[in-house]
Amino acid sequence: EVMPGKSSRAAFGEALLDLGAKDERIVTLDADLSKSTMTAKFAKTHPGRAFNVGIAESTMIGMAAGLALSGRVPFACSFACFLVGRFETIRVSVAYTQAPVKLVGTHVGVAIGEDGYTQMGLEDMACLRALPNIPIVQPADETETKQAIAWAVEYPGPVYLRLTRQNLENVHGDGFRFQFGRAEVLRPGTDVSILATGGPLWNALEAAKRLESEGIHAEV
């Protein structure tokens, strides 16, 4: 029986609890959305290491930068559209200072369902790609998310983690090891290559299956 997939925000919440139990440097910051960003359990478990600043995302990012520059590992979390909507604060306090803030944007893309279009993270990637020093990591399933969070804790600079509201099908096997900046071949092919990241990766694999039935061997 195949276990149903998890959203990457849910996998993030679990990874945070596991890692936070062993590493006291980890703190979370939220702007009144901890139930949606899945940091609520961490806050309940480690109340002295979780900060809910209310609907004040710029303040949250500034606090995270200060915490990061003083040796903590802060995860600053909100819906991607609200977080990256504070572009100027990210630009000055995180990108230019290279403060090792872990920015976590959830509810990315068009697949967030009934939350509606005002809550969709659509322009976030374009915005942050315009800044120096902030790599964007968009895991495709639970396994990759948990490994990416562990990597982000140790990464010496800022990171933007782009996470989903919707559940994701599992696309990685047991032998998978997350490698930053490395493309991974999930399906070999000789006719065409499909590059995908995050939620759309499963769809890309399904598309490759359909192409196979038409005699086209697609690499993913």
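When I speak of helices and strands this morning, I mean runs assigned by DSSP and numbered from the N terminus, with at least four residues for a helix and at least two for a strand. With that in hand we can place Gly 71, which sits in the loop between helix 4 and strand 3. Please keep in mind throughout that what you see above is a predicted model.

Let me begin with the chain as a whole. It has nine helices and eight strands. Its radius of gyration is 18 Å, close to the 17 Å that the globule rule gives for 220 residues, so the chain is as compact as a globular protein of that length. If we measure along the principal axes, the C-alpha atoms fill a box of roughly 55 × 40 × 35 Å. Buried residues make up 46% of the 220 residues, and the accessible surface comes to about 10,900 Å², of which 53% belongs to carbon and sulfur atoms. As for charge, there are 21 positive and 25 negative side chains, and the centres of these two sets lie 6 Å apart. Finally, if we take the contacts between residues at least 6 apart in sequence, 74% of them join residues at least 24 apart.

Now to the helices, starting with helix 1, residues 8-22. Helix 1 has 15 residues and reaches 21 Å from its first C-alpha to its last, close to the 21 Å expected at 1.5 Å a residue. Which of its residues are buried? In helix 1 they are Ser 8, Arg 9, Ala 10, Ala 11, Phe 12, Gly 13, Ala 15, Leu 16 and Gly 20. These buried residues pack against strand 1, helix 2, helix 3, strand 3, strand 4 and helix 8.

That last name takes us to helix 8, which covers residues 142-154, has 13 residues, and spans 19 Å from first C-alpha to last, close to the expected 18 Å. Its buried residues are Glu 142, Glu 144, Thr 145, Ala 148, Ile 149, Trp 151, Ala 152 and Val 153. When you look at such a list, it helps to remember that an α-helix has 3.6 residues a turn, so residues three or four places apart point the same way. The cover over the buried residues of helix 8 includes helix 1, strand 1, strand 3, strand 4, strand 5 and strand 6.

From here I would like to visit some single residues. Leu 33 lies in the loop between strand 1 and helix 2. Its C-alpha is 6.4 Å from that of Ser 78, although the two residues are 45 apart along the chain. Beyond its neighbours within four places in sequence, Leu 33 is in contact with Ser 78, Phe 79 and Phe 82. Two of these names return with Glu 57, a residue of helix 4, since Glu 57 touches Ala 31, Ser 78, Phe 82 and Arg 86, again leaving aside neighbours within four places. Is Glu 57 buried or exposed? Its relative accessible area is 5%, and because buried means under 20%, Glu 57 counts as buried.

Arg 49, in the loop between helix 3 and strand 2, is likewise buried, at 12% relative accessibility. Outside its neighbours within four places in sequence, Arg 49 is in contact with Gly 20, Asp 23, Glu 24, Ile 26, Val 27, Thr 28, Phe 42 and Arg 72. Gly 20, you may recall, is one of the buried residues of helix 1.

Gly 71, where we started, is partly exposed, with a relative accessible area of 43%. The C-alpha atoms of Gly 71 and Gly 116 are 38 Å apart, with their positions 45 residues apart along the chain.

I will close with the backbone. Most residues other than glycine have a negative phi. His 107, however, has a positive phi of about 60° although it is not a glycine; this residue is found in the loop between strand 4 and helix 7, and at 1% relative accessibility it counts as buried. Asn 133 also has a positive phi, near 75°, and is a residue other than glycine. Asn 133 is placed in the loop between helix 7 and strand 5, where it is partly exposed, with a relative accessible area of 33%.

Definitions and conventions: Residues numbered from 1 in each chain as written. Predicted model: local features only at pLDDT ≥ 70, side-chain atom pairs only at ≥ 80, totals over all residues. Heavy atoms only, no water. Rg over C-alpha atoms; globule rule 2.2 N^0.38 Å. Buried < 20%, exposed > 50% of the residue type's maximum accessible area, 1.4 Å probe, protein only. Contact = heavy atoms within 4.5 Å. Areas by Shrake-Rupley, 256 points an atom, 1.4 Å probe, with all protein chains shown as cover. Lys, Arg positive; Asp, Glu negative; His and termini not counted. Charge placed at Lys NZ, Arg CZ, Asp CG, Glu CD. Expected span 1.5 Å × (residues − 1).
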